[in-house]
Amino acid sequence: MNIGARFKAVAAAALLGLLLLGGCAPKGEQTIEIRLGEVARTVFYAPQYVALSQGMFAQEGLDVQLATIPGGDKTMTALLSNQADIALIGAETSIYVYQQGAEDPIINFAQLTQTDGTFLFARQTQGSFDWEKLKGQNFLGQRKGGMPQMSLEFALRLHGIDPHKDLKLIQNIDFANVASAFGSGTGDYVQLFEPQASIFEKEGRGRVVASIGVESGELPYTVYMAKQSYLNENDEAAQKFTKAVYQAQQWIATHTPEQIAEVITPYFKDTDLAVLTSSVKRYKEQGTYAVNPMIEEKEWKNLQDVMTLAGELKSPVALDQLVNRSFAEQAIAAGSLGNADQLVKAGANGAADTGADAGGSP
């Protein structure tokens with residue numbers, strides 16, 4: 001992964017469009033600014049938008065400045081060139097940097113999603129779907145070595161399909177332009193994130209026929225990561241950040257698709273609320289959103305199995321080599337204590353209410 005002027009220019013241009021969310025830090029604390037780069041704007045990242053819109057980052061004294069930098073390579077470039085403090089991208093990118101012998105490795109510290117977020121979308125709207133129907137078809141693919149493409153190839157091989165022999169694979173279109181290319185008539189099949197899949201269905205451009213997330217299983221698909229040096233120097237900020245992410249994940253888990261869609265609407269101003277709701281529902285039903293920021297050993301192994309099958313992993317990388325789980329552990333522990341306190345208070349209130357109803361106190 002080169003950090004050339006071309007990539008720096010792309011990242012810099014993207015960061016000009018930062019989406020700011022103001023918030024008040026807790027009394028007596030100085031606000032900490034964090035430049036966050038996300039690889040895409042998608043309902044797939046709903047917990048992040050909940051943390052922003054519901055003031056969870058602000059409550060922790062964080063001023064999170066969000067920039068969308070399409071493409072994992074470009075988002076990683078922004079991180080490596082210090083134009084972003086934290087990046088939300090696929091964990092595979094940290095492995096690529098590690099394989100190149102980076103002196104300041106990229107460390108994954110909080111997981112946001114635990115499955116692939118793409119759906120297999122067919123232009124043909126009629127008839128039943130069978131994986132065999134993909135053979136010989138024009139497939140508008142993603143970037144080689146990126147998680148969407150690798151997860152797709154993993155899923156295809158599970159169904160006995162060789163993506164490079166059985167498909168007419170098109171991979172010369174940038175990540176940011178894949179959906180528009182399909183919308184313009186390129187390809188018979190494509191992978192789409194939400195809400196784009198639901199938008200295309202509503203427009204009659206095709207239909208979702210399978211979930212790549214369901215097919216490829218649980219893995220640390222999208223993770224918050226930062227340079228080791230940044231985490232060493234800003235461990236308090238990273239801990240506050242992870243705590244806010246965990247709060248948002250718990251909020252997502254206990255609210256309906258309708259409620260979630262309403263809250264994240266500011267980040268999808270051009271998308272119909274009904275489409276947002278159906279998009280969130282799809283992700284919730286298949287368990288895409290991680291319920292906590294912890295990256296599990298089995299997920300890390302599955303990620304490397306997917307990379308190996310795609311021919312992108314030089315050699316296995318141990319979990320503790322590129323994953324720091326201490327931030328997630330502390331966030332979960334703090335959250336559990338908070339829940340326990342709430343239960344104690346609820347119990348005390350319930351007891352008081354019961355006594356009053358029974359006329360037990362004089």
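Here is a short chat about the predicted model shown above.

Colleague: Hi! Before we get into details, how many helices and strands does the protein chain have?

Modeller: Hello! The protein chain has 16 helices and 11 strands. Keep in mind that this is a predicted model.

Colleague: And what share of the residues counts as buried?

Modeller: Of the 362 residues in the protein chain, 51% are buried. The accessible surface of the chain is about 15,900 Å², and carbon and sulfur atoms contribute 50% of that.

Colleague: What about contacts between residues 24 or more positions apart? What part do they make up?

Modeller: Among the contacts in the protein chain with a separation of 6 or more, 83% are between residues 24 or more positions apart.

Colleague: Let's go to the open sheet with five strands. In what order do they come?

Modeller: The order is β8-β7-β9-β6-β10, with mixed pairing. β8 (168-170) and β10 (207-211) are at the edges with a single partner strand each, so each has one side left without a neighbour in the sheet. From one strand to the next, the twist averages 30 degrees.

Colleague: Which way does β6 pair with β9, and over how many bridges?

Modeller: The pairing of β6 (residues 119-122) with β9 (residues 189-192) is antiparallel and runs over four bridges. If you want a spot to look at, A122 is opposite Y189 in β9.

Colleague: And β6 with β10?

Modeller: β6 and β10 are also joined over four bridges, in the antiparallel sense. There, F121 stands opposite V208 of β10.

Colleague: Back to that edge strand, then. How many residues of β10 are buried?

Modeller: Four of the five, so to put it plainly, β10 is mostly covered.

Colleague: Changing topic to aromatics. How many pairs are there?

Modeller: The structure has 19 aromatic pairs. One of them is F109 with F327: the ring centres are 5.8 Å apart and the planes are at 70 degrees, so the pair is edge-to-face.

Colleague: Where do F109 and F327 lie?

Modeller: F109 is in strand β5 (residues 106-113) and F327 is in helix α16 (residues 326-358), so their pair ties together parts 218 residues apart in sequence. F109 and F327 are both buried.

Colleague: How about Y224 and F241, what is the geometry there?

Modeller: Their ring centres are 4.9 Å apart with the planes at 80 degrees, so this pair is edge-to-face. Y224 belongs to strand β11 (residues 222-227) and F241 to helix α11 (residues 235-253), 17 residues apart. Both Y224 and F241 are buried.

Colleague: Which residues form an aromatic cluster?

Modeller: One cluster is made up of F44, Y45, F119, F175, F193, Y221, Y283 and Y289. F119 has a charged companion too: R282 lies over the face of its ring, 5.6 Å from the ring centre.

Colleague: Nice. Over which ring does the charged end of R123 sit?

Modeller: That would be the ring of F182, with the charged end of R123 at 3.9 Å from the ring centre.

Colleague: Now the backbone. Which peptide bond is cis?

Modeller: The bond from E194 to P195 is cis, with omega near 15 degrees. P195 is in the loop between β9 and α8 (196-202).

Colleague: And what is phi of N82?

Modeller: Phi of N82 is near 65 degrees, which is a positive value in a residue other than glycine. N82 lies in the loop between α4 and β4 (86-89), and N82 is partly exposed, with a relative accessible area of 48%.

Colleague: Since you mention α4, is G72 buried or exposed?

Modeller: G72 is buried, at 9% relative accessible area. G72 lies in helix α4 (residues 72-80). Apart from neighbours within four places in sequence, G72 is in contact with V39, I89, T93 and R143. The C-alpha atoms of G72 and M147 are separated by 8.8 Å, although the two are 75 residues apart along the chain.

Colleague: T93 sits in α5, I think. Which residues of α5 are buried?

Modeller: Right, the buried ones in α5 are E92, T93, S94, I95, Y96, V97 and Q99. That is seven of the eight residues of α5 (residues 92-99), so this helix is largely enclosed by the rest of the structure.

Colleague: And what happens just after α5?

Modeller: Just after α5 comes G101, which takes a positive phi of about 80 degrees.

How values were computed: Residues numbered from 1 in each chain as written. Predicted model: local features only at pLDDT ≥ 70, side-chain atom pairs only at ≥ 80, totals over all residues. Heavy atoms only, no water. Pairing = 2+ DSSP bridges. Helix = DSSP H or I, 4+ residues; strand = E, 2+ residues; numbered from the N terminus. Axes fitted to C-alpha atoms, helices over the stretch in contact; angles between N-to-C directions. Phe/Tyr/Trp six-rings, centres within 6.5 Å; stacked < 30°, edge-to-face > 60°. Buried < 20%, exposed > 50% of the residue type's maximum accessible area, 1.4 Å probe, protein only. Lys NZ or Arg CZ within 6 Å of the ring centre and 35° of its normal. Contact = heavy atoms within 4.5 Å. Areas by Shrake-Rupley, 256 points an atom, 1.4 Å probe, with all protein chains shown as cover.
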